[in-house]
Amino acid sequence: MRILNVVGARPNFMKIAPLARALSGAGIEQYLVHTGQHYDANMSKVFFDDLGLPKPDVYLGIGSGSHAQQTAKVMEAFEPVLLDWKPDLVVVVGDVNSTVACSLDAAKLGIAVAHVEAGLRSYDWSMPEEINRVVTDRLAALLLTPSADGDENLAKEGVAPERIHRVGNIMIDSLVQHLPRARQTDVAGRLGLKAQGYAVLTLHRPSNVDDPEVLFRIMGAVERISRRIPVVFSCHPRTAARLEETGAGTGGDIRRLDPLGYHEFLGLMADSRLVLTDSGGLQEETTYLGIPCVTIRENTERPITINEGTNSLAGTDAARIEELATSALEGETTGRIPDLWDGKTADRIVKVFRDWFNNRS
């Protein structure tokens, strides 16, 4: 069995790293393709170093562009790779443009696709990620879901049960492995902050940062929250540019940082009292860590983090963001770790791959 693992953007790296390690341990031939969708060193290379990912066997160097441009560039560059390497299986993760582009290439060439983190749905078609998720799941032969709601979503869409495999949340595999080292980074200490004495903010979705009115509304709420507890803002380059343009977020006790490496950010988050975010992955990680999370979005493709975990959905209403943050700071955290979020997802995926290949042969 020959496998091509595809990564393109920062969230993908945490999902492929434990799988690459498990495949290596099982003696399965595998190669890593990096599309270069995230090309900034702080957004890419440092994560490879932190996670122990090997140097990519193929680097496509796609870079930035509109959704159409980026998807088209990846498809054009990835097709010759498939023709040269002739894999049995292409593994894609998450919901970025590289995910759907490489899935389309493989499907058109009759090569099987495995989608890690399949079945997640926000039911919001204004999100490019939702389109990427749905199309990728339609094309994939193996749908590897993190939770029961993923199975249910796929079943509603008419996906054959034999294509669906609930394996758990592979993001948690990376978290479990790296948490001890992450706690040693002491980013909070370098900022003069104590464990549980600060909140963490991330903000990157275009719907939140590209509209000045929305951005001012969100950052106004954050400023007011920061008068109760310091807020450490790990700031995406796109967001930093919008903040400079608009002048939003200049008040309160907001400590803005450049993007952090995986260990530094995980350590910072793990010792925080509260997380404010529009990231999907952080909703999952805070649920595992038992940290209250206020999600600054109108919907989430990870409802299990609300139903079972520590997440609350605030939208972009300033009063609602403040209300949920205040409640989290003053109350006790409730929630539990969902089933199969145990750090062993990669091993379950390897078993699915072996069974699929043996049955196929």
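The following legends describe close-up views of a predicted model.

In this model, local features need pLDDT of at least 70 and side-chain atom pairs count only at pLDDT 80 or more, while totals for chains, interfaces and linings use all residues. Residues are numbered from 1 along each chain as its sequence is written, and side-chain values use heavy atoms, with hydrogens and water left out.

**View A. Helix α1 (residues 10-25) and its kink at Ile 16.** Helices are DSSP runs of H or I with at least four residues, and strands are runs of E with at least two, numbered from the N terminus. The end C-alpha atoms of α1 are 24 Å apart, which agrees with the 22 Å expected for 16 residues; the expected span is 1.5 Å times one less than the number of residues. The kink is about 30° and lies shortly before Pro 18, the bend being the angle between axes fitted to the seven residues ending at a residue and the seven starting there. Of the 16 residues, 12 are buried (under 20% relative accessible area; exposed is over 50%, partly exposed in between; 1.4 Å probe, protein chains only).

**View B. The salt bridge between Arg 121 and Glu 157.** A salt bridge is a side-chain nitrogen of Lys or Arg within 4 Å of a carboxyl oxygen of Asp or Glu. Here the closest N and O atoms are 2.7 Å apart, and the pair links distant parts of the chain, 36 residues apart. Arg 121 is buried at 3%, whereas Glu 157 is partly exposed at 39%.

**View C. The salt bridge between Arg 242 and Glu 245.** Its N to O distance is 3.7 Å. The two residues are separated by about one helical turn because they lie three residues apart in helix α11.
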